Structures are given as structure tokens and as C-alpha cells.
Amino acid sequence: MIPKPSSIGALALDYGCGAGIVAVHLARMGYRVIAADSSMCSVGACRLHVQQSGLKAQIDVRHVSSPDYWQNFQESFDLVVAKDVIEHIQDDGQFLK
């Protein structure tokens, strides 16, 4: 269901990346990826998964810590994935903006 990148260098955000399964999939599809999570444990697991996948050059793994951590991004994204995240967001409307 995830569309292929529409251009070379398309940037995807895996918001709430967990262990990085979706981030690695997106990179294999051809996206450059920012994988972000507020859990240091998840970020560590994601970094390990990314390293083992051989896709470290395509995936930027970030720990973001504020409660509204979507506000930490200055980039413009071609695709945003937020799998199993919305139920953890206090202000769904602000998040979706």
C-alpha cells in the first residue's frame, strides 16, 4: 500500500519508528528515510536493525524527546508513516496538521 518514491531522493519520515522495520522497508523501496522515536530503547533497536540491513547511508535515525515531537522536524517529506502511533498522541488534530 505504500507508494514507490515519485522522484530520486524522495524523503520519508517513519514517525514512531520502533525497531525500524518500516524504515528499512522504505529505504529498500528507494526512499531516503528519517526514522524517529521518543523511546531510546526503540531508537537503539532501530539503529541496530539499520546497521544490519546495510542501509545506514539511506536512513537517519533520530531520538526526539518532546511530548509533541513532530515539531522537531524542519524537513519537508514526500511520505509520512505513523504506524501504531495515533493512539499515543494527545492532540490528534494538531498531529495530523
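I began with strand E2 (32-37) and looked up how covered E2 is: five of its six residues are buried. I keep in mind that this is a predicted model.

Next I checked the neighbours of E2. On one side I found E1, which runs parallel to E2 and is joined to it by five bridges. I noted one pair here: Ala 12 has Val 33 in E2 as its bridge partner. E3 also pairs with E2 in the parallel sense, over five bridges, and there I saw Ile 34 standing opposite Asp 60.

Then I followed the chain between these strands. E1, H1 and E2 form a right-handed β-α-β unit. I wrote down a second right-handed unit of this kind, made by E2, H2 and E3.

I turned to helix H1 (residues 21-29) and listed its buried residues: Val 22, Ala 23, Val 24, Leu 26 and Ala 27. What do they pack against? I found strands E1, E2, E3 and E4, along with helix H2. Just after H1, I spotted Gly 30 with a positive phi of about 120°.

My last stop was the nonpolar interior. The largest core has 19 residues, and Leu 26, Val 33 and Val 61 are among those with the most contacts inside it. H1, E2, H2, E3 and E4 each give two or more residues to this core, and the largest share, five residues, comes from H1. Apart from this core I found another, of 11 residues, including Ile 34 and Tyr 69.

I also looked up Val 61 by itself: leaving aside residues up to four places away in sequence, Val 61 touches Ala 35, Val 43, Cys 46, Arg 47 and Val 50.

Notes. Residues numbered from 1 in each chain as written. Predicted model: local features only at pLDDT ≥ 70, side-chain atom pairs only at ≥ 80, totals over all residues. Heavy atoms only, no water. Buried < 20%, exposed > 50% of the residue type's maximum accessible area, 1.4 Å probe, protein only. Helix = DSSP H or I, 4+ residues; strand = E, 2+ residues; numbered from the N terminus. Contact = heavy atoms within 4.5 Å. Core = buried A, V, L, I, M, F, W, Y, C linked by side-chain atoms within 4.5 Å. Pairing = 2+ DSSP bridges. Right-handed = clockwise from strand over helix to strand, strands pointing away.
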